[in-house]
Protein chains: 2
Amino acid sequence: MDALKRFWAWLLSYFRDGAFKHHMAVLFHRRKRAKITAINHPPGPAASSAIEAPAVIRQYEEHPSEAYMELKYRFRDIGRLEAIAETMGRDFLTAMPEGAWRSRLGQIAYLHRLVHEKLTGQDMVRLFDRARGHLAQNPGDWDEWDSANLREMIANHECDGAITGDIVERRARLEYEGRRRHRDALAQSDWPGAREFLSGQVDLARQIAEARAKAAGRNTLYQALMDEYLPGVSTMQVEDWFGELHKKLHKMLPPAMERQSREEPPREIGDFYPAKAQMWLNKALLQAIGFDFERGGLYETGHNPVEGGTPDDTRLVIKNVDIRNFMTSMKSALHEGGHGVYTQNLPRKTWRYQPVGQDMGSAVHESQALLVEMIIGRTRAFFDFLSPRAEGLFHGLQNPVLSAENLHKIKTRVKPSPDRKTADELTYFFHVEHRFKLEKELIEGRLKVADLPDAWNAQMQDILGIQPKNMAEGCLQDVHWFVGKFGYFPAYTVGHMLAAQQFEAMAKVIPDINGAIAAGRFAPITDWLRRNVHSKGCLLDFDTLVKQATGAAAGPDALVRHLDRRYVKAAA
Amino acid sequence: MDALKRFWAWLLSYFRDGAFKHHMAVLFHRRKRAKITAINHPPGPAASSAIEAPAVIRQYEEHPSEAYMELKYRFRDIGRLEAIAETMGRDFLTAMPEGAWRSRLGQIAYLHRLVHEKLTGQDMVRLFDRARGHLAQNPGDWDEWDSANLREMIANHECDGAITGDIVERRARLEYEGRRRHRDALAQSDWPGAREFLSGQVDLARQIAEARAKAAGRNTLYQALMDEYLPGVSTMQVEDWFGELHKKLHKMLPPAMERQSREEPPREIGDFYPAKAQMWLNKALLQAIGFDFERGGLYETGHNPVEGGTPDDTRLVIKNVDIRNFMTSMKSALHEGGHGVYTQNLPRKTWRYQPVGQDMGSAVHESQALLVEMIIGRTRAFFDFLSPRAEGLFHGLQNPVLSAENLHKIKTRVKPSPDRKTADELTYFFHVEHRFKLEKELIEGRLKVADLPDAWNAQMQDILGIQPKNMAEGCLQDVHWFVGKFGYFPAYTVGHMLAAQQFEAMAKVIPDINGAIAAGRFAPITDWLRRNVHSKGCLLDFDTLVKQATGAAAGPDALVRHLDRRYVKAAA
């Protein structure tokens, strides 16, 4: 009976997941094509080479649909412009002389306008129609990658087409200006200035949301913004997940804190950790998790870090190191490193600038960052690996502060605090929930920016029972709204959920995963991620990706299990 | 009688130089306009602020010709794309991870294609016609800057319009690839590989020259290439100048060398000069000559230095310092610094991206670099300023190597050698003449790349009486042909001529210029250059710029006088 069930499930997935179509396509194909399915093979001794991108550069590969061929060339150029904007932005944050910033803003905004012009050119619709027609009549000419590529092309066109070039340009300008405004607002605790700027950002975001909702024939404003960061996830879905997490994590908090209060508290870090040594450690750790420094690097900046880069040029940026606490920059490096390895392992050789070669959006991106930073980077095994090296690097032989036990204790200490970025893993969710609720109200017009500080504090009291001392600790702490990223916050917790799911799934196939981490052997982990997430680009939709990779639908269960294990049972 | 003559000359120049037209325009003008002529005022105590760009941003200023207005917007965007390509190229050479280089080539080439597309768009001709018509019928609406801007717009359009987008893209790719090929050819003395690549570059350059010559209805190939670097200068003119210089400098060489042979030879530099100290010195010197580090910087690179940057973002690049000789990196920094100060002082606030706001091309650019590096940077006065600081910086109190006399001796030592970049000021011209003759023959089809090494050596023997030891010292030494810059070399000597003329002219109005240099007071010099060269952008044609600034037509006389004074008479 079980065998029959499994066969039935397999048959269903075979047809649903496009494998059927792909096999048909292969059977009836007139053209020679590299075996893309190779990337689905199980890991083995030759795993690393088996999952290398096939030699065919699919971006330039002839396709019988002329319209699709033309679209591939256009999207190559759009992709180039996006990569250029990315590099100009990276340069803005890392190397550009200060005096260039006004003209640079204009240049970056103009690049975004050009992308918009090219994405929404008037004959694009005609090309899409012709390509879609070709696909319908000659399905055998389209394998799963080609059809996914066309699907993503159309999605990009529709997302950008809803708004005007003027709005695109304005948004890009305000994004970079927002970084400065945020820095200044924090430095000067300038609420009136911040309020005015934030009101402008909320207005612009609402304008964008309305235009998108109208174009899609819906009236859900927040969803229209969230779609950009969590494509394939609905607001209602997020509310369900968050509701469950809220309930379960609230229950976990007292026993976790109670258990820790019975232990000896950790010895605080507070020695002197030279900046050079910290950056060496951060780079060495990134190299260990598979980041390729031939195609990227790690840099310090006075600004906030920014995720991004391209598979060919992945320059990661973290905030200047704190010489009193090496764990601060390490946390940031591990987080950005998770983003970076994902970016670098996208199918760049085959689909460099094509939409199907891009990442799955912010939730999946954050899952890669949080998997490295929070899930793996806070295991006891990780600190077993780190501790002896830290003793040598920071000249503290058998210094009890640097013991694996102590470092682990520090990083798994649960303590509600007003700050999201330094929040512990258990209360992190509540910060995200808090922002999610507030930004939803802002976008849906139920909360005014002028009332934000009070609403922020009231809700913080409500959710975590604490009060920020000032605005810098309160509603000014995050850069997201300043740069116009409304709808991004849920990506952190959804990413955390996915990270927990991925870790559970890989632990089933990687023998003794904790032993591997303790030995600094991250290759099996990175290979698993490359095979199941990175190399897929945008081939699959969100639900399919998660299910194929982890064997289960996206949901909070794995995260709850992980947090329970680590914080209540103290077993990870 | 003299007074009458002078009045007559003034009257002629008044009408010829557009001042009459401008005054009429001001008299009959309906629009309020900032007084651009302010930048022609003589220097005074308030000179620095008097020559500040007027507050009006002319780029966006309303103009009654709608077509011209539309053109201003289009050229703003073209200028942005060029600035972006510039930054992407700078990043390529200074910060980009190595593995990104192939995709970066594609991005830069694509930016050049976009510029070409926008410059040659099919309705551009119609816009030019309409704007020209407006100018003819309403001359009062056009001041000298507007009409010069239109003139430059059309010139850019015609220069680019002669060649196809494919050629533009190929040229851009080969330019950056050429840098690597050159580096590798030098490292491996690989002539067969270099020959093949150079043949491709010559073919491409000839193709471009033919297309341009055809579009202009002429048949002078080399001129068509030289026009890009020395607009307004004819090949015949260059040949005349070079003929005269050849004769006079050949006569100067024996007495100069004979005189020096009678002196005690300089003590050689060969101590240890820490890289950090050298870079501090280089930056400090650039700051002294007026380079603004708010809008730029000085960086080391493993590649060859590249002139460039934009007025908002002028990142200068020099080759990695030689820790055995601080004068090597200093020479390079002074050279690039001269370029940089010119770039930074272009009329960026008023005409940021407009053609009239750009520089006058390579000859004038090199004049700024060589004025600082060769003319001023080798005066005895300069070493009087440098020497005591170098003693302190490099820990050599009263070290005879660092005496002003010795440093001056080193940098004014005349000795024919096979290398252009390290050539002394007197024999420098012969290297340029040598390249000029060879590249002219290459482009005009009278010399094949395969025969280049022999031709190079034979002519080197002929002109300077020396033989390169190998190809790295011979025909592989310069990067120019590898990056496709045929027609550039004359710019060095024409620039050297202009630099000598400018120095003579400014010495007449700056009291005790050598005293100023010896005291490190470069402000009067930079102010003179800003007023007479930098702030003009592309307002004037080559002949007018030179005559207005120096009071004489461009020619070799001032250079001959300068070299005679310094090397034969030993008086500078």
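**Exercise 1. Which residues does A:Phe542 touch, not counting residues up to four places away in sequence?**

Before starting, keep in mind that this is a predicted model.

Step 1. Look upstream in chain A: A:Phe542 touches A:Pro231, A:Gly232, A:Val233 and A:Trp241.
Step 2. Carry on along the chain, and you can add A:Met360, A:Ala363 and A:Val364 to its contacts.
Step 3. Finish with A:Val494, A:Leu498 and A:Ala554.
Step 4. Now put A:Phe542 in context: the largest nonpolar core has 328 residues, and A:Phe542 is among those with the most contacts inside it, along with A:Phe326, B:Phe326 and B:Phe542.

**Exercise 2. Work out how α6(A) and α7(A) are arranged, and what sits between them.**

Step 1. Find the two helices: α6 covers residues 124-137 of chain A and α7 covers residues 144-161 of chain A.
Step 2. Check the geometry. Their axes come within 11 Å and cross at roughly 155°. An angle over 145 degrees counts as roughly antiparallel, so that is how α6(A) runs relative to α7(A).
Step 3. For the handedness, α6(A) passes α7(A) in a left-handed crossing.
Step 4. List the contact residues. From α6(A) come A:Met124, A:Val125, A:Phe128, A:Ala131, A:Arg132 and A:Leu135, and these meet A:Ser147, A:Leu150, A:Met153, A:Ile154 and A:His157 in α7(A).
Step 5. Sort them by class, and you get eight nonpolar, two polar and one charged.

**Exercise 3. Do the same for α20(A) and α24(A).**

Step 1. Pick out α20 (residues 490-509) and α24 (residues 557-568), both in chain A.
Step 2. Their axes come within 7 Å and cross at roughly 80°. The range from 65 to 115 degrees counts as roughly perpendicular, so α20(A) is roughly perpendicular to α24(A).
Step 3. Going by class, the contact of these two helices splits into four nonpolar, three polar and three charged residues.
Step 4. To name them, A:His496, A:Met497, A:Ala500, A:Gln501 and A:Glu504 in α20(A) meet A:Ala558, A:Leu559, A:Arg561, A:His562 and A:Arg565 in α24(A).

**Exercise 4. Decide how covered α22(A) is, then zoom out to chain A.**

Step 1. Count along α22 (residues 523-532): seven of its ten residues are buried, and the helix is mostly covered.
Step 2. The buried ones are A:Ile525, A:Thr526, A:Asp527, A:Trp528, A:Leu529, A:Arg531 and A:Asn532.
Step 3. Over chain A as a whole, buried residues make up 57% of the 572 residues.
Step 4. For the overall build, chain A has 24 helices and two strands.
Step 5. Of the chain A contacts with a separation of 6 or more, 74% join residues 24 or more positions apart.

Conventions:
Residues numbered from 1 in each chain as written. Chains lettered and ligands numbered in written order. Predicted model: local features only at pLDDT ≥ 70, side-chain atom pairs only at ≥ 80, totals over all residues. Heavy atoms only, no water. Axes fitted to C-alpha atoms, helices over the stretch in contact; angles between N-to-C directions. Helix = DSSP H or I, 4+ residues; strand = E, 2+ residues; numbered from the N terminus. Parallel < 35°, antiparallel > 145°, perpendicular 65-115°, else oblique. Left-handed = near helix turned anticlockwise from the far one by under 90°. Contact = heavy atoms within 4.5 Å. Nonpolar A, V, L, I, M, F, W, Y, C, P; charged D, E, K, R; others polar. Core = buried A, V, L, I, M, F, W, Y, C linked by side-chain atoms within 4.5 Å. Buried < 20%, exposed > 50% of the residue type's maximum accessible area, 1.4 Å probe, protein only.
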